[in-house]
Amino acid sequence: MTLLQIDFPSHGPWGEELSKTAGALAQHLNRTPGLLWKIWTENSRTGDCGGVYLFSHESSANSFLEEHLPRLHSMGINDVRAKVFDVNETLSHVTRAPIPAAVEKSA
């Protein structure tokens with residue numbers, strides 16, 4: 001499994017307003033190949049927004065980045081920070097991480 005962390009500066013919207021504004025995007029992301037889940041992140045105090053994504057494979061995370069970064073740039077968001085991490089599933093299960101016990105090995 002692969003974890004993708006994305007964050008960027010934002011002036012909002014925040015909270016419920018973001019939920020209304022980004023609802024269609026959330027539905028679109030739901031159809032992303034290899035995406036197991038996304039946790040949406042926001043901090044109105046520091047002006048940061050983004051998400052943490054769990055993918056079944058690194059190739060799926062990289063494909064998503066190739067699609068998502070231009071989308072963010074088209075919205076005027078240019079200072080995007082993205083990091084890709086391998087997931088240590090054994091330790092993550094010990095600490096109750098919300099990851100499936102097994103993931104299909106096909107992308």
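A residue counts as buried when its relative accessible area is under 20%. Keep that cut-off in mind for the tour below, which goes through a predicted model.

**Start at Phe64.** Select Phe64 first. With a relative accessibility of 2%, Phe64 is under the cut-off and counts as buried. Now add Tyr53, which is buried as well, at 1% relative accessible area.

**The aromatic cluster.** Show the rings of Tyr53, Phe55 and Phe64, which form one aromatic cluster. The structure holds three aromatic pairs. In the pair of Tyr53 and Phe64, the ring centres are 5.0 Å apart and the planes stand at 45°, so this pair is tilted. Tyr53 belongs to strand S3 and Phe64 to helix H3, so the pair ties together parts that are eleven residues apart in sequence. Next, look from Phe64 to Phe55: here the ring centres lie 5.6 Å apart, again with planes at 45°, so the pair is tilted. Phe55 is buried, as is Phe64.

**The core around the cluster.** Widen the selection to the largest nonpolar core, which has 16 residues. Leu4, Ile6, Phe8, Tyr53, Phe55 and Phe64 have the most contacts inside this core. At least two of the core residues come from each of strand S1 (2–9), strand S3 (48–55) and helix H3 (58–74). Which element gives the most to this core? H3 does, with four residues.

**Phe8.** Select Phe8 and display its contacts beyond four places away in sequence. Phe8 touches Gly47, Asp48, Cys49 and Gly50, and also Leu72, Ile77, Asp79, Val80 and Arg81.

**The sheet.** Switch to a cartoon view. Four strands make an open sheet in the order S2-S3-S1-S4, with antiparallel pairing. S2 and strand S4 (81–86) are the edge strands, each pairing on one side only. From one strand to the next, the twist averages 15°.

**Strand S3.** Select S3. Six of its eight residues are buried, so S3 is largely enclosed by the rest of the structure. S3 runs antiparallel to S1, to which it is joined by eight bridges; on this side, look for Asp7 opposite Gly50 in S3. Eight bridges also join S3 to strand S2 (residues 35–43), and these two strands run antiparallel. Two positions to check on the S2 side are Trp40, opposite Gly51 in S3, and Glu42, opposite Cys49 in S3.

**The hairpin turn.** Follow the chain from S2 into S3. The two strands form a hairpin with four residues between them. Within the turn, select Gly47: its phi is positive, at about 75°.

**Trp40 and Lys38.** Return to Trp40 and show side chains. What sits over the ring of Trp40? The charged end of Lys38 does, 3.3 Å from the ring centre.

**The other edge and the helix.** Cross the sheet to S4. S1 and S4 pair in the antiparallel sense over six bridges, and Leu3 stands opposite Phe85 in S4. Finish with H3, which packs on the sheet and touches S1, S3 and S4. The direction of H3 makes about 15° with that of S1.

How values were computed:
Residues are numbered from 1 along each chain as its sequence is written. This is a predicted model: local features need pLDDT of at least 70, side-chain atom pairs count only at pLDDT 80 or more; totals for chains, interfaces and linings use all residues. Side-chain values use heavy atoms; hydrogens and water are left out. A nonpolar core is a set of buried Ala, Val, Leu, Ile, Met, Phe, Trp, Tyr and Cys residues joined through side-chain atoms within 4.5 Å. Buried means under 20% relative accessible area, exposed over 50%, partly exposed in between (1.4 Å probe, protein chains only). Contact means heavy atoms within 4.5 Å. Rings of Phe, Tyr and Trp (its six-membered ring) pair if their centres lie within 6.5 Å; planes under 30 degrees apart count as stacked, over 60 as edge-to-face and the rest as tilted. A charge sits over a ring if NZ of Lys or CZ of Arg is within 6 Å of the ring centre and within 35 degrees of the ring normal. Two strands pair if DSSP finds at least two bridges between them. Axes are lines fitted to C-alpha atoms, for helices over the stretch in contact, and angles run from 0 to 180 degrees between N-to-C directions.
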